[in-house]
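Welcome to this short tour. Please open the structure in your viewer and keep the selection panel at hand.

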Amino acid sequence: MDEPEFEAFYRATAERLRVYLYRVCRERRIVDDLLQETYYRFLRSRFAGGSEEDRMRYLFRIATNLLKDHWAAAKRSAELTSELPDPPAGEGMAIRLDVHSALGALRAADREMLWLAYAEGCSHAEIAEILEVKAASVRVLLFRARARLLELLRRKGGES
Amino acid sequence: MKDDELTEIFRHSRDEERWPEPLPAPAAIWWRARAADLLAGEIRQRERKIRPLAVARGLASLAALVAAELGILEGFFRLPEEFGKTLTAAGLSPWTVTLLILAAVPTAALIYRLRREAPAA
């Protein structure tokens with residue numbers, strides 16, 4: 001991949017990846033470092049996938065592994081900060097805030113799973129490929145993650 | 001909450017959330033990867049170049065060691081009888097002394113090599 005081709009690919013995909021990294025790791029200060037490292041490893045891997053979606057999935061896979069490495073090295077899962085960006089104004093803002101706040105209370109693995117399924121619209125097979133889990137277990141894991149998210153939202157609704 | 005609603009909320013985040021900070025420059029990432037590729041290529045090439053030299057050096061060291069050990073053995077067989085008697089009187093058999101010297105040669109070579117290759121503190 002030459003420089004102009006990489007730049008076009010980067011411009012088309014980096015914002016999506018940055019939001020994923022942020023929504024999963026919730027540590028704003030490290031997101032750009034992880035983003036750069038993801039693209040760096042992507043380039044070094046000389047991935048020869050065909051479509052942009054293939055490349056995108058591969059990027060998500062690298063990013064997910066980098067997040068795992070980061071947590072393993074820093075053992076920070078328990079002390080994650082919750083620096084949310086300014087929410088976009090408009091209709092439905094309250095429910096969006098509730099969902100993101102509940103999402104932040106979930107385990108990182110659940111956040112990854114839910115984001116890939118609902119934000120990226122990945123199929124179970126694609127989620128399995130990105131998260132490196134068995135394809136057969138994605139359905140159950142996703143169902144559980146969704147149930148935990150809804151339970152948190154229900155509790156939030158009860159509190160307010 | 002239905003799947004459609006969840007999808008709408010997540011998609012909204014994905015498509016509408018933009019950070020105030022600009023994205024890191026792609027050129028910096030590309031050049032970093034390119035530099036790493038070039039460096040890795042250079043190291044591989046260098047290793048390929050010096051491999052025959054390293055093999056030859058290893059073989060030469062082995063030959064020198066074998067020659068030294070054979071020289072010691074030959075010296076032992078040509079040892080003057082009086083010298084052997086002196087050693088025996090001192091409580092050492094000539095064989096013991098020869099074995100000690102035979103063991104000392106590779107040990108000294110190993111120590112010398114380790115000292116030379118140890119990184120400077």
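Helices in this tour are DSSP runs of H or I with at least four residues, numbered from the N terminus. One caution before we set off: what you are looking at is a predicted model.

**Stop 1: chain A as a whole**

Select chain A and colour it by secondary structure. You will find seven helices and zero strands, in the order α-α-α-α-α-α-α from the N terminus on. Of the 160 residues in this chain, 29% are buried. Take the contacts in chain A between residues at least 6 apart in sequence: 61% of them join residues at least 24 apart.

**Stop 2: the largest nonpolar core**

Now show the side chains of L21(A) and A63(A). Of the 42 residues in the largest nonpolar core, these two touch the most other members. Which helix gives the largest share of this core? Select residues 3-25 of chain A: this is helix α1, and nine residues of the core come from it. Next, colour domain 1 (1-78) and domain 2 (89-160) of chain A separately; both give residues to the core, so it lies between them. As general background, nonpolar side chains in soluble globular proteins tend to be buried together.

Stay with L21(A) for a moment and bring up its surroundings. Leaving aside residues up to four places away in sequence, L21(A) touches V31(A), L34(A), L35(A) and A63(A).

**Stop 3: where α1 and α3 of chain A cross**

Keep α1(A) on screen and add residues 52-74 of chain A, which form helix α3. The axes of the two helices come within 11 Å and cross at roughly 35°. Is the crossing of α1(A) and α3(A) left-handed or right-handed? Turn the view until one helix lies in front of the other: the crossing is right-handed.

To see the contact itself, select these two groups:

- From α1(A), the residues are F9(A), A12(A), T13(A), L17(A), Y20(A), L21(A), V24(A) and C25(A).
- From α3(A), they are E52(A), R55(A), M56(A), L59(A), F60(A), A63(A) and L67(A).

Coloured by class, the contact of α1(A) with α3(A) shows twelve nonpolar, one polar and two charged residues. L21(A) and A63(A) from the previous stop both appear here.

**Stop 4: two loop residues with positive phi**

Most residues other than glycine have a negative phi. Two residues of chain A are worth a look with that in mind.

Begin with R26(A), in the loop between α1 and α2 (28-45) of chain A. Its phi is near 60°, a positive value in a residue other than glycine. R26(A) counts as partly exposed because it has 19 C-beta neighbours inside 10 Å, while 20 or more would make a residue buried.

Then move to E132(A), which sits in the loop between α6 (124-131) and α7 (135-159) of chain A. Phi of E132(A) is also positive, near 55°. Is this residue buried or exposed? E132(A) has 10 C-beta neighbours inside 10 Å, so it counts as exposed.

**Stop 5: A145(A) in helix α7**

From that loop, continue into helix α7 of chain A and pick A145(A). With 21 C-beta neighbours inside 10 Å, A145(A) counts as buried. Draw a distance between the C-alpha atoms of A145(A) and R111(A): they are 34 residues apart along the chain, yet the separation is 7.8 Å. Among residues further than four places away in sequence, A145(A) touches L106(A), D110(A), M113(A) and L114(A).

**Stop 6: chain B and its contact with chain A**

Finally, select chain B. It has four helices and zero strands, following the pattern α-α-α-α along the sequence. Of its 121 residues, 5% count as buried.

Show both chains together and highlight the contact, which takes 23 residues from chain B and 28 residues from chain A. On the chain B side, α1 (3-16) and α2 (26-77) each supply at least two residues. The largest share of that side, nine residues, comes from α1(B). By class, the side of chain B that touches chain A has 13 nonpolar, three polar and seven charged residues.

Conventions. Residues numbered from 1 in each chain as written. Chains lettered and ligands numbered in written order. Predicted model: local features only at pLDDT ≥ 70, side-chain atom pairs only at ≥ 80, totals over all residues. Core = buried A, V, L, I, M, F, W, Y, C linked by C-beta atoms within 7 Å. Buried ≥ 20, exposed ≤ 12 C-beta atoms within 10 Å, placed from the backbone. Domains from an automatic or database assignment. Contact = placed C-beta atoms within 7 Å. Axes fitted to C-alpha atoms, helices over the stretch in contact; angles between N-to-C directions. Left-handed = near helix turned anticlockwise from the far one by under 90°. Nonpolar A, V, L, I, M, F, W, Y, C, P; charged D, E, K, R; others polar.
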